[in-house]
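Colleague: I have a model open and would like to learn how to read its contacts and its core. Could you walk me through it?

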Amino acid sequence: MKNAPLLTFATALALAAPAAAQVKLNGAGATFPNIIYQDWMLTYNKAHPDVQLNYQSIGSGGGIRQFSDATVDFGASDAPMKDSAIAAIQGNVFHIPTVLGGDVPTYNLPDVKETLRFTPDLLADIFLGKVTKWSDARVAAVNPGVKLPDQDIVVVHRSDGSGTTFIWTDYLSKVSPEWEQKVGRGTSVNWPVGLGGKGNEGVTATVKQTPGAVGYVELGYAMANQLPAGSVRNKAGKFVAPTLESITAAAAGAMKDMGPSTDFRVSITNPDGGAAYPIASFTWLLLRKQYDDAAKAGALVKFVWWAETEGQARCASLGYAPLPQQLRPWIEARLKAITAGGKAVWTTAAR
């Protein structure tokens, strides 16, 4: 037992040694991808306890604002930043796509068992307040054989600055000249009619609680809350249900307009292709090109690369479509360009 004191001393030193510092990363933004972002962060935290990730689902407008004000380490948005907003932060941003999702028309008509169908002009006129009854002849015309109630349509929309709203209004602006002229596209618009709900969560809850309601939410929210998701007639004239396959098909048309130098700020609403769901979009993480804190930058790049690779396998079960493989080397190139203190953080992060 001559070595007992030495062992005791060594043990005491080990216990006294400080634990490895935990890197804390804070982000905020879009509610559209919140379901998968929370899943990714929980999964990643379990495997990497030295990194604490926190994400606040506050809407794309809030995410862009907090990212621009440098109150978070990363932002998230379903609406790409405008050129003027990028210029205001001296161009210090990369838009990194993470998943594909779809805005779906969802409704509260418990006695209607069939999945309702919507044409582009019908959706626009419902949200313009021109079609006000579920029994309207125009609703019946695209839903033959469906017994529709003589019930008021209650429109539900977002009350906060929202990328989900940008996707929805971007689509309506493409398919309805009247909508484009009177309302237009944006993360926030002056809604002609309806009730407001905060976040995809708020719209989902309001639709569920309001008989006769119709609103728009990300597909994953409709799935998670067992809400119906209507089929929409696409540019090719076919009624297409929002599925992972039809959302992926929507991205295919956009790929021809992208290349290795793309900044990923592309709209894929109302695309060509008979199989494409027409109200789909990328969603983006907002990362800085230059960070001050090398530890944070390295940990963030490592997490994002995990999300772009291993994390993609978790998309389908949560209602999102994984990114096309073609994008991966372009995303890798952006992550490799991120620096802290003038040095690339990729070598100590992802690979």
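Modeller: Happy to! Let's begin with the term itself: two residues are in contact when heavy atoms of theirs lie within 4.5 Å. Keep in mind that this is a predicted model.

Colleague: Let's try it on one residue. Which residues is Arg-138 in contact with, leaving aside its neighbours within four places in sequence?

Modeller: Arg-138 touches Asp-121, Leu-122, Asp-125 and Val-131 once those neighbours are set aside. Arg-138 itself sits in helix 6, which spans residues 137-141.

Colleague: Which side chains does the side chain of Arg-138 join through polar contacts?

Modeller: One is that of Asp-121, at 2.9 Å, and another is that of Asp-125, at 2.7 Å.

Colleague: Is Arg-138 buried, exposed or partly exposed?

Modeller: Buried would need under 20% relative accessible area and exposed over 50%. Arg-138 has 32%, so this residue counts as partly exposed.

Colleague: Now the core, please. What is the general idea there?

Modeller: Nonpolar side chains tend to be buried together in soluble globular proteins. Here the largest nonpolar core has 100 residues, and Phe-282, Leu-287 and Leu-335 touch the most other members. Helix 12, residues 294-308, gives the most to this core, with 9 residues. Apart from it lies another core of 9 residues, including Ala-28 and Ile-89.

Colleague: What is Leu-287 in contact with, beyond its neighbours within four places in sequence?

Modeller: Among the contacts of Leu-287 are Phe-74, Val-93, Phe-94, Leu-300, Val-304 and Leu-335. Asn-92 is also one of them.

How values were computed. Residues numbered from 1 in each chain as written. Predicted model: local features only at pLDDT ≥ 70, side-chain atom pairs only at ≥ 80, totals over all residues. Heavy atoms only, no water. Core = buried A, V, L, I, M, F, W, Y, C linked by side-chain atoms within 4.5 Å. Buried < 20%, exposed > 50% of the residue type's maximum accessible area, 1.4 Å probe, protein only. Helix = DSSP H or I, 4+ residues; strand = E, 2+ residues; numbered from the N terminus. Polar contact = N/O pair within 3.5 Å; in protein donor to acceptor, adjacent residues only side chain to side chain.
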